[in-house]
Amino acid sequence: MPKLKTSRGARKRFKVTGTGKIVRAKAYRRHILSTKRRKRKRRLRHDTTVTGSDKKAIRRLLPYGF
């Protein structure tokens with residue numbers, strides 16, 4: 001079987017933790033921040049884990065667990 005190439009876009013967006021969970025940043029914190037409440041922006045700072053059926057697809061893009 002040939003070597004699998006890591007998707008470069010996925011490598012920049014996702015990170016695999018030591019326990020094997022996939023971590024991603026939350027959306028909606030790039031622009032138009034003046035209309036968003038302080039509390040909402042504060043909650044968007046924290047990373048979250050990938051759940052559900054997306055996990056399998058992302059694992060395929062990150063074959064070596066970057």
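Partly exposed residues are those with a relative accessible area between the buried limit, under 20%, and the exposed limit, over 50%. The legends below apply this term to a predicted model.

**Figure 1. Overall fold of the predicted model.** The protein contains three helices and three strands. Read from the N terminus, these elements follow the order α-β-β-α-β-α. The C-alpha trace spans about 50 × 20 × 20 Å along its principal axes. The radius of gyration is 15 Å, whereas a compact globule of 66 residues would have a value near 11 Å. Of the 66 residues, 17% are buried.

**Figure 2. The positive surface patch.** Eight side chains are named in this view: Arg24, Lys26, Arg29, Arg38, Lys39, Arg42, Arg43 and Arg45 together form a positive patch on the surface. Helix H2, which covers residues 38-44, supplies the largest share of the patch, with four residues.

**Figure 3. Lysine 26 within the positive patch.** Lysine 26 is a member of the positive patch and is located in the loop that runs between strand E2 (22-24) and H2. Its relative accessible area is 34%. Because this value lies between the limits of 20% and 50%, lysine 26 is classed as partly exposed.

**Figure 4. Tyrosine 28 in the loop between E2 and H2.** Tyrosine 28 is placed in the loop linking E2 and H2. Its phi angle is near 70°, a positive value in a residue that is not glycine. With a relative accessible area of 61%, tyrosine 28 is exposed, since the limit for that class is over 50%.

**Figure 5. Isoleucine 32 in the loop between E2 and H2.** Isoleucine 32 also belongs to the loop between E2 and H2. Although isoleucine 32 is not a glycine, its phi is positive, at about 55°. The side chain belongs to an exposed residue, for which the relative accessible area is 52%.

**Figure 6. The nonpolar surface patch and tyrosine 64.** Met1, Leu4, Tyr64 and Phe66 make up a nonpolar patch on the surface, and their combined accessible area is about 510 Å². Tyrosine 64 is found in the segment that follows helix H3 (54-61). Its relative accessible area of 49% makes tyrosine 64 partly exposed, because the exposed class requires over 50%.

Definitions and conventions: Residues numbered from 1 in each chain as written. Predicted model: local features only at pLDDT ≥ 70, side-chain atom pairs only at ≥ 80, totals over all residues. Heavy atoms only, no water. Patch = residues over 30% accessible without salt bridge, like charges linked within 9 Å, V, L, I, M, F, W, Y side chains within 5 Å. Areas by Shrake-Rupley, 256 points an atom, 1.4 Å probe, with all protein chains shown as cover. Salt bridge = Lys/Arg side-chain N within 4 Å of Asp/Glu carboxyl O. Lys, Arg positive; Asp, Glu negative; His and termini not counted. Charge placed at Lys NZ, Arg CZ, Asp CG, Glu CD. Helix = DSSP H or I, 4+ residues; strand = E, 2+ residues; numbered from the N terminus. Buried < 20%, exposed > 50% of the residue type's maximum accessible area, 1.4 Å probe, protein only. Rg over C-alpha atoms; globule rule 2.2 N^0.38 Å.
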